[in-house]
Amino acid sequence: MAHRLLVNVIFTGASVFGRAFTEAYKQAAKASASAAATGATKAKSTGGIPIEEAMKILDIEKEELSLEEIEKKYEYLFDVNSKEKGNSFFLQSKVYYASDTLRKELEYLQKMREAKEGKEEAL
């Protein structure tokens, strides 16, 4: 009797897990398909820094956001916070991820601009 109850619990658990896995897969496939349909997808930084925070870290205003400005601020802050000068690797990492986030944002905005221009030309 006990082994029948144990088998019943195992099958019930496996069936619940199977349904949950199937539903999660469907949702992921749907999200992936909708992202592919929109064309350019926004890349995420591995550091996970929001754009506003990245701009504060590098001390860049929205109006002056350019690849040259990002590079200039990155090089300065990365050098100033080097371990050789007695500063922290953590701060260097924040500076790196902030510049990475803003570079990816600029790349994303450029792709969106090109996609928009391509649609306007098609009309």
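These are my notebook entries on a predicted model of one protein chain.

**Entry 1: getting my bearings**

I started with the overall layout. The protein chain has four helices and zero strands, and from the N terminus on the elements run α-α-α-α. I then looked up burial for the chain, and 20% of its 123 residues count as buried.

**Entry 2: how far to trust the model**

Since this is a prediction, I checked confidence early. The mean pLDDT of the protein chain is 84, and 87% of its residues reach 70 or more. Which element has the highest mean pLDDT, and which the lowest? Helix α3, residues 67-80, comes out highest at 93, while α1 is lowest at 84. I also left myself a reminder: where pLDDT is low, the predicted coordinates should not be read in detail.

**Entry 3: a patch on helix α1**

Next I went to the surface. Phe17, Phe21 and Tyr25 make up a nonpolar patch there, and together they have about 430 Å² of accessible area. Tyr25 belongs to helix α1, which covers residues 2-37. Phe17 and Phe21 are in helix α1 too, four residues apart, so about one helical turn separates them.

Are these three side chains buried or exposed? I took them one by one. Phe17 has 60% relative accessibility and so counts as exposed. Phe21 is exposed as well, with a relative accessible area of 55%. Tyr25, at 57% relative accessibility, also counts as exposed. The cut-off I needed here is that exposed means over 50%.

**Entry 4: aromatic pairs**

How many aromatic pairs does a search of the whole structure find? It finds three. I noted two of them in detail. A pair of aromatic rings is described by the distance of the centres and the angle of the planes.

One pair takes me back to the patch: the ring centres of Phe17 and Phe21 are 6.4 Å apart and the planes lie at 25 degrees, so this pair is stacked. The cut-off behind that word is planes under 30 degrees apart.

I then turned to Tyr96 and Tyr97. Their ring centres are 5.3 Å apart with the planes at 70 degrees, so I wrote this pair down as edge-to-face. That label applies because planes over 60 degrees apart count as edge-to-face. Tyr96 counts as partly exposed at 37% relative accessibility, and Tyr97 counts as partly exposed at 29%.

**Entry 5: a charge over a ring**

I also looked for a charged group above an aromatic ring. What sits over the ring of Tyr74? The charged end of Arg103 does, 5.3 Å from the ring centre.

**Entry 6: salt bridges**

Side chains of opposite charge can pair when their charged atoms come close. A search of the whole structure finds seven salt bridges, and I followed up three, each with its own small story.

Glu69 and Lys72 are one of these pairs, with their closest N and O atoms 3.7 Å apart. Both residues lie in helix α3, three residues apart, which is about one turn of the helix. How do the two partners differ in exposure? Glu69 is buried, because its relative accessible area is 16% and buried means under 20%. Lys72 counts as exposed at 51% relative accessibility.

Lys85 and Asp79 came next; their side chains meet in a salt bridge at 2.9 Å, N to O. Lys85 counts as exposed at 51% relative accessibility, whereas Asp79 is partly exposed, with a relative accessible area of 41%.

My third pick was Lys111 with Glu107, whose side chains meet in a salt bridge at 3.7 Å, N to O. The two are four residues apart in helix α4, residues 89-122, so about one helical turn lies between them. Lys111 is partly exposed with a relative accessible area of 38%, and Glu107 counts as partly exposed at 46% relative accessibility.

**Entry 7: one more look at Glu107**

I stayed with Glu107, a residue of helix α4, to see how it relates to a residue elsewhere along the chain. What distance separates the C-alpha atoms of Glu107 and Leu67? They are 9.5 Å apart, while the two residues are 40 residues apart along the chain.

Key: Residues are numbered from 1 along each chain as its sequence is written. This is a predicted model: local features need pLDDT of at least 70, side-chain atom pairs count only at pLDDT 80 or more; totals for chains, interfaces and linings use all residues. Side-chain values use heavy atoms; hydrogens and water are left out. Patches are made of residues with over 30% relative accessible area and no salt bridge: like charges are joined within 9 Å, nonpolar side chains (Val, Leu, Ile, Met, Phe, Trp, Tyr) within 5 Å. Accessible areas come from the Shrake-Rupley method with a 1.4 Å probe; for residues, only the protein chains shown count as cover. A salt bridge is a side-chain nitrogen of Lys or Arg within 4 Å of a carboxyl oxygen of Asp or Glu. Buried means under 20% relative accessible area, exposed over 50%, partly exposed in between (1.4 Å probe, protein chains only). pLDDT is the predictor's confidence in each residue, from 0 to 100. Rings of Phe, Tyr and Trp (its six-membered ring) pair if their centres lie within 6.5 Å; planes under 30 degrees apart count as stacked, over 60 as edge-to-face and the rest as tilted. A charge sits over a ring if NZ of Lys or CZ of Arg is within 6 Å of the ring centre and within 35 degrees of the ring normal.
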